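Colleague: I'm new to reading structures, so could we walk through this one together? Let's put it on the screen first.

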Amino acid sequence: MKLPRFSRKTLCIPYAVFLVFFIIIPMCVILFYAFTDKEMNFSFSNFLRFFSDPTKLSTIAYSIVISLITTVICLVIAYPVALILARSRLKKKFVILMLFVLPMWINFVLRVNALRELFNLLAQAEALAWLENANIFKTVVGMVYDFLPFMILPLYTTMLKIDNSLYEASADLGGNAFVTFFRITLPLSVPGIMSGVTMVFLPSMTNYVVSDMLGNAKVTIIGKFISDYFGNDWHMGSMIALVLLIVVFVSTWLTGGFKSEENVRGANL
Amino acid sequence: MNKQLLMKCLKAFFVGLVLLVLYAPILLLAVYSFDKTDMIGRFEGFSFTHYAALFQNSKVLGMIGNTFLLAFLAAVLSTVLGTAGALGMFYCKKRTKTAIHAVSQIPVINAEIVTALSLAVTFVAVGLGKSYFTLLIGHMVICTPFVVLSVMPKLKQMDNSLYEAALDLGASPFKALLQVVLPQIIPGVISGFMLAVTLSLDDYIVTMYTRPSGFETISTYVYNATTKGNAHTAVTLASLWALTTIIFVVIVLFVLISNLTGRKKEADR
């Protein structure tokens, strides 16, 4: 018996089947639940209930504001760090970059727990007693703490690619540090900013582990909101998930998409 | 000249400060994991109590074993599926390739809660319920796309004529793939595997939604211990400091060793 000729293309069949079963079909199921009522009849009631409920909409807006603050703080801290490292002539700058990535490999929840213990310790001091109930503050700090490497890495890789001769040319032509920064560094690092922003903004809108553990469960972000609804109303939960899905894809599209070559978790380091 | 030196100091100070904040919580736990008591704030005396408690608590040991076994299984399966998928996609027609790639990107950019929820709803709707199988699938959904993303660039860099040469010299397509193509993309496969391991180890949300009841990983255990604070967890919380410290030390050692051996290989070239 002769086996049919082996084709390299057939290798993608298992993966394609996997994607259909565990990504495409589940997305369709969400869509189905979002537009049906409890009797499984087609209805817009979840849609209307969602968009006519001010508390739901304000929770979403609140969550987006927290994410924006987190993203801006991450950018403000990460940009100088990435620039200093990328422009540094140190031979061992790789080691310093490694130090920024290393905490990412400790379990996420254990890391948040470590920060929680630090906050508890700080709150014992009289001057810092306000920390005890500063739920939003602690949540934002926790998110910055957790997602900072996601911002540093893409910025660093983009800045590293900027041709050194551009800086020399700028200096030769009499550009001072400000001019060089605004006309060379900043425009050329925009792709890095975009992927960094996507990498931080989306998880900080949805990863409710940080807000639950540091915000005494008093800070409700979209992710938490979905999971709360999911407990008793699959249809509404699916509707919010669908809205979030659209937000995610629109913002990815706006920021120019995900750059796959920037390996976001630093496994290639 | 003095101004330059000042700038240098400022830069070093800034980078150092960010690193200090990044490591402060972990170092705090590392110090207090050797304390006699389970109170952070005053160091009462050096002891291994918390480490002993960690290794005597069968529940904690069980969940650590669960986490690593799950990460290993998910990473192996994801690596096989993802590598085969990337290979197949690479040789497919452009349109097929774009389609598979687009679907494959969904779990990468999508919010984890939406992925988790869509999977959970689907599993329950088709009667699979929640079992170790669904948990494994859940982890594969978040890991495999990253394996594909790691392998793809290596395929693009590959010298395609070597495969043709192998066929001309009489190798079967399968043998040529295994002995000629695979060795060229192996760095991508390895980094994909590592990425899959870290993603699985870190995951909380997908685990939470797809796990069978009573199954605990480090993430779910720590999350429950800190947010639902039961009376019996006081001792366990302190043993989690020990766990954090151990994981931290293991990661530092791993990075050191892999860097040293990596440097050596580069030097040999």
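Colleague: Which residues touch the most other members of the largest nonpolar core?

Modeller: Keep in mind that this is a predicted model. The largest nonpolar core holds 140 residues, and its best-connected members come from chain A as well as chain B. The residues to look for are Met151(A), Ile152(A), Leu117(B) and Ala196(B).

Colleague: What does Ala196(B) contact, leaving aside its neighbours within four places in sequence?

Modeller: Ala196(B) is among the residues that touch the most other core members. Its contacts beyond those sequence neighbours include two alanines, Ala74(B) and Ala75(B). The rest of the list is Ser78(B), Thr79(B), Cys143(B), Phe146(B) and Val147(B).

Colleague: How many residues of H5(B) are buried?

Modeller: Leu117(B) from the core is one of the buried residues here, and so are Glu112(B), Ser118(B) and Phe123(B). The helix is largely enclosed by the rest of the structure, because the buried residues number 12 of the 14.

Colleague: How far apart are the end C-alpha atoms of H5(B), and what should its 14 residues span?

Modeller: Take 1.5 Å a residue, and the 14 residues should span 20 Å. The model agrees with that, as the end C-alpha atoms of H5(B) are also 20 Å apart.

Colleague: Which residue just after H5(B) takes a positive phi?

Modeller: Go just past the end of H5(B) and check the backbone angles. You'll find a phi of about 85 degrees there, and the residue that takes it is Gly127(B).

Colleague: Let's hop over to the other chain. How many helices and strands are there in chain A?

Modeller: Reading along the sequence of chain A, you get α again and again: α-α-α-α-α-α-α-α-α-α-α-α. Its C-alpha atoms fill a box of roughly 80 × 75 × 35 Å along the principal axes. The count for chain A is 12 helices and 0 strands.

Colleague: Where does H6(A) bend, and by about how many degrees?

Modeller: H6(A) has 27 residues, which should span 39 Å, and its end C-alpha atoms agree with that at 40 Å apart. This helix is mostly covered, with 21 of its 27 residues buried. A proline, Pro149(A), follows the bend within four residues. The bend is at Phe147(A), and its angle is about 45 degrees.

Colleague: Is Val200(A) buried or exposed?

Modeller: Val200(A) sits in helix H9 of chain A. Among its contacts away from its sequence neighbours are Phe147(A), Phe150(A) and Met151(A). A residue needs 20 or more C-beta neighbours within 10 Å to be buried. With 27 C-beta neighbours inside 10 Å, Val200(A) counts as buried.

Colleague: How far apart in space are Val200(A) and Val144(A), C-alpha to C-alpha?

Modeller: In sequence, Val200(A) and Val144(A) are 56 residues apart. In space, going C-alpha to C-alpha, the separation is 8.5 Å.

Colleague: And Leu97(A), which residues does it touch, not counting those up to four places away in sequence?

Modeller: Leu97(A) is in helix H4 of chain A. It has 23 C-beta neighbours inside 10 Å, so Leu97(A) counts as buried. Its contacts beyond those sequence neighbours are Leu85(A) and Tyr156(A).

Colleague: Back to chain B: what does Thr37(B) count as, given its C-beta neighbours?

Modeller: Thr37(B) is found in the loop between H1 and helix H2 of chain B. Its C-alpha atom is 8.5 Å from that of Ala238(B), though the two are 201 residues apart along the chain. Thr37(B) has 15 C-beta neighbours inside 10 Å, so it counts as partly exposed.

Colleague: How many residues does each chain bring to the contact, and which element of chain B gives the most?

Modeller: The contact takes 69 residues from chain B and 72 residues from chain A. On the side of chain B that touches chain A, 50 residues are nonpolar, 16 polar and 3 charged. The element of chain B that gives the most, with 11 residues, is H1(B).

Colleague: Last one: what ipTM does the predictor give the complex?

Modeller: Chain A averages a pLDDT of 84, and the mean for chain B is 86. Residues 260-264 of chain A fall below 50, so go carefully with that stretch. For the complex, the predictor gives a pTM of 0.86 and an ipTM of 0.85.

Terms used. Residues are numbered from 1 along each chain as its sequence is written. Chains are lettered from A and ligands numbered from 1 in the order in which they are written. This is a predicted model: local features need pLDDT of at least 70, side-chain atom pairs count only at pLDDT 80 or more; totals for chains, interfaces and linings use all residues. Two residues are in contact if their C-beta atoms, placed from the backbone, lie within 7 Å. Helices (H or I, at least four residues) and strands (E, at least two) are DSSP runs, numbered from the N terminus. Ala, Val, Leu, Ile, Met, Phe, Trp, Tyr, Cys and Pro count as nonpolar, Asp, Glu, Lys and Arg as charged, and the others, Gly among them, as polar. The expected span of a helix is 1.5 Å times one less than its number of residues. pLDDT is the predictor's confidence in each residue, from 0 to 100. A nonpolar core is a set of buried Ala, Val, Leu, Ile, Met, Phe, Trp, Tyr and Cys residues joined through C-beta atoms within 7 Å. The bend at a residue is the angle between axes fitted to the seven residues ending there and the seven starting there.
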